[in-house]
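Let us walk through this structure together, one step at a time. Have the view open and follow along as we go.

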2 protein chains.
Amino acid sequence: VPEACVTSAGSRHVRLGGGGEFDLIRTFLESAPPLPDAVRVGPGDDCAVIDAAPLALSADLSVEDVHFRRAWLSPEEIGWRAAASALSDLAAVAAQPIAVLVSLALTADDVASGWGTKLMSGVQRAAQSADAGVVGGDVSRSTGPAVVDVTVVGRSERPVLRSGARPGDEVWVTGHLGGAAAAVALLERGGALPDALRARFAHPVARTREALWLAGRAELHALIDLSDGLGGDLGHVAAASEVAIELDPSLVPIAPDVEAASDLGEGMLALALFGGEDYELCVVAPEGALGPLVDSFQGRFGIPLTRVGYVHAGEGVWTRDADGSEKRLERVGFSHFATATDSAARTRRP
Amino acid sequence: VPEACVTSAGSRHVRLGGGGEFDLIRTFLESAPPLPDAVRVGPGDDCAVIDAAPLALSADLSVEDVHFRRAWLSPEEIGWRAAASALSDLAAVAAQPIAVLVSLALTADDVASGWGTKLMSGVQRAAQSADAGVVGGDVSRSTGPAVVDVTVVGRSERPVLRSGARPGDEVWVTGHLGGAAAAVALLERGGALPDALRARFAHPVARTREALWLAGRAELHALIDLSDGLGGDLGHVAAASEVAIELDPSLVPIAPDVEAASDLGEGMLALALFGGEDYELCVVAPEGALGPLVDSFQGRFGIPLTRVGYVHAGEGVWTRDADGSEKRLERVGFSHFATATDSAARTRRP
């Protein structure tokens with residue numbers, strides 16, 4: 001099946017044959033920006049060709065009424081979030097994005113109304129903001145919920161995996177946590193959403209530059225993006241690295257303005273730990289490696305870099321009570337199939 | 001969001017944290033074969049990492065009741081076809097497959113019944129048959145039709161694009177055409193399907209080895225896989241190369257056994273030209289380049305290599321009538337959005 005295709009002035013685009021599918025793809029890509037240099041063949045042939053190595057690859061699926069609701073987000077925002085979520089996985093191995101492939105299953109109405117084209121423009125904007133180009137994908141009719149699958153490709157000279165955390169390391173996070181989940185919680189209540197909170201939900205930014213900056217200045221032992229909530233994602237790091245992680249909840253950075261706006265009080269910490277979709281980074285580094293970088297990080301990126309815990313020998317994620325006893329952090333992140341009989345449409349939330 | 005993850009003995013797999021989503025992914029990949037050497041990081045981290053360049057990439061979307069019907073195919077066959085269709089795009093630029101990413105939107109019932117796991121085993125088998133490994137993807141609940149998006153990655157030293165056809169070139173096809181479409185036509189009539197015909201529909205094989213063999217022995221000017229039907233796909237080559245292609249319908253290779261079995265008579269030619277999903281290759285090469293290879297090709301791969309037309313200056317796809325006058329080949333391949341108001345579920349067919 002022919003890939004996404006374009007007839008714009010871009011140099012590595014291929015001319016298309018006829019057919020409604022290609023007319024649609026033309027509207028998707030007619031204003032596409034120039035492609036990165038590493039893209040040797042862009043949209044329009046059977047494959048895109050990228051000339052860079054090693055390459056990091058990841059795919060991220062967004063399904064209507066599971067990952068997004070039309071009532072809460074514009075199509076551009078839905079596209080942006082789908083792409084930002086995938087790009088965040090590249091940031092999570094410290095890879096520089098190069099290319100994006102987008103597969104869309106849409107109803108005929110979504111095509112006729114221009115909804116799909118608006119969604120694609122959101123994907124395009126997110127890709128462009130990360131210096132990546134849309135190089136391919138697929139489109140199909142569907143009678144069901146809209147589905148967006150975004151595959152991202154990035155250059156990764158020295159990928160920082162989840163599996164390198166060692167006892168004695170420090171655990172850090174970028175930015176503020178819980179904002180996206182607070183927004184969802186308020187939307188579900190039917191309340192109005194303050195602008196700052198809405199932005200955290202509707203317009204997440206993959207921490208690509210932050211990851212590359214940190215990886216260039218310190219030895220990073222492990223890296224993961226916070227898509228499932230800090231609690232769940234620390235669990236992934238602990239499992240992959242075969243270590244225990246001790247988290248100090250009092251250190252978890254919750255944005256003061258979000259905390260004030262959200263009216264969720266104590267619940268904000270639970271959202272920060274288990275809410276997910278913040279797309280901040282969790283960074284594991286040797287003791288003392290990141291401390292000296294905190295001020296320049298904050299100055300450069302306008303977000304904090306905060307130590308929230310330590311790595312020990314053992315397994316699992318733990319917190320320490322006031323009396324010094326350790327307690328296992330129980331609740332895990334969002335799971336798509338936690339209860340296999342749950343077939344009701346439910347928006348992804350804590 | 002974490003990628004597909006596995007705890008098998010494979011060397012480049014990462015240990016997983018908890019959660020039902022990961023339990024499901026474990027069942028997908030627990031019997032996964034070893035990964036190709038170029039895969040530096042396999043499933044389980046935020047990204048897979050592939051150390052090879054240049055890389056060809058393509059995505060192919062399969063939607064229930066558009067690309068497949070459960071009544072006609074087993075879940076293993078649905079998975080195989082979804083992957084074979086994507087791998088065919090790698091063959092179509094003469095790339096050697098390395099890796100596959102699979103995103104699945106499934107109902108909770110499909111997970112609980114094991115339908116999704118069977119589908120994934122079909123994807124795995126197709127990947128393995130092409131010497132590729134499943135290195136990532138995503139899974140999500142859905143309340144709608146099952147959706148499978150397969151992204152394929154292959155090494156492509158000298159990609160053969162659609163855009164290189166030149167006046168004077170010959171146009172060739174591999175194998176026999178129309179079989180998949182004939183099977184669909186018979187299934188829609190409700191008739192029984194002879195084994196040979198069913199195999200062409202349910203178990204297409206991407207012509208990877210054939211493409212690499214040809215590209216290694218002759219100068220190929222253009223290459224495309226026949227997913228939209230020869231008529232439509234020649235249109236893509238003509239458009240991309242800015243040439244005219246003259247097709248001789250009398251030369252189009254229709255399998256004799258399929259023709260006999262299908263009971264479609266004259267309709268078989270239309271299915272070969274417009275039916276699609278045969279996943280054979282259309283090869284454009286300089287005059288005389290492929291003729292000497294016909295016998296060894298047939299001997300090695302057990303399928304014919306047949307000249308079906310020529311490239312001229314001009315545009316579009318043409319046939320020549322008995323009186324010598326040229327006629328434009330009118331009907332185009334399957335289009336997902338040919339009529340924007342068509343919202344009924346319809347299986348992809350001519």
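Strand β7 (residues 170-174) of chain B runs antiparallel to strand β11 (residues 305-312) of chain B, and five bridges join the two. To find the place in the view, look for B:Thr174, which stands opposite B:Leu305 in β11(B). Keep in mind that you are looking at a predicted model.

Now turn to another partner of β11(B). Strand β9 (residues 244-247) of chain B is joined to β11(B) by four bridges, and these two also run antiparallel. Here B:Leu247 has B:Gly309 of β11(B) as its bridge partner.

What order do the strands take in the sheet of chain B? This open sheet has seven strands, arranged as β8-β10-β7-β11-β9-β12-β13, and its pairing is mixed. Strands β8 (222-225) and β13 (326-328) of chain B are the edges, each pairing on one side only. From one strand to the next, the twist averages 30°. In general, strands of a sheet pair through backbone hydrogen bonds, and they do so either parallel or antiparallel.

Let us follow the edge strand β8(B) a little further. Its pairing with strand β10 (residues 281-285) of chain B is antiparallel and spans four bridges. Within that pairing, B:Leu223 meets B:Val283 in β10(B) as its bridge partner.

Next come the aromatic rings. Over all chains, the structure holds eight aromatic pairs. One of them is formed by A:Trp213 and A:Phe297, which meet edge-to-face at 5.9 Å centre to centre, with 65° between the planes. A:Trp213 belongs to helix α7 (residues 208-217) of chain A and A:Phe297 to helix α11 (residues 294-301) of chain A, so this pair ties together parts that are 84 residues apart in sequence. Are these two residues buried or exposed? Both A:Trp213 and A:Phe297 are buried, and for A:Trp213 the relative accessible area is 8%.

A:Trp213 also pairs edge-to-face with A:Phe301, at 5.7 Å centre to centre and with 90° between the planes. Because A:Trp213 lies in helix α7 and A:Phe301 in helix α11 of chain A, this pair ties together parts that are 88 residues apart in sequence. Through such ring pairs, A:Trp213, A:Phe297 and A:Phe301 are linked into a cluster.

Finally, look for a charge placed over a ring. In chain A, the charged end of A:Arg70 sits over the ring of A:Trp115, 3.8 Å from its centre. In chain B, the charged end of B:Arg70 sits over the ring of B:Trp115, 3.8 Å from the ring's centre.

Key: Residues are numbered from 1 along each chain as its sequence is written. Chains are lettered from A and ligands numbered from 1 in the order in which they are written. This is a predicted model: local features need pLDDT of at least 70, side-chain atom pairs count only at pLDDT 80 or more; totals for chains, interfaces and linings use all residues. Side-chain values use heavy atoms; hydrogens and water are left out. Rings of Phe, Tyr and Trp (its six-membered ring) pair if their centres lie within 6.5 Å; planes under 30 degrees apart count as stacked, over 60 as edge-to-face and the rest as tilted. Buried means under 20% relative accessible area, exposed over 50%, partly exposed in between (1.4 Å probe, protein chains only). A charge sits over a ring if NZ of Lys or CZ of Arg is within 6 Å of the ring centre and within 35 degrees of the ring normal. Two strands pair if DSSP finds at least two bridges between them. Axes are lines fitted to C-alpha atoms, for helices over the stretch in contact, and angles run from 0 to 180 degrees between N-to-C directions.
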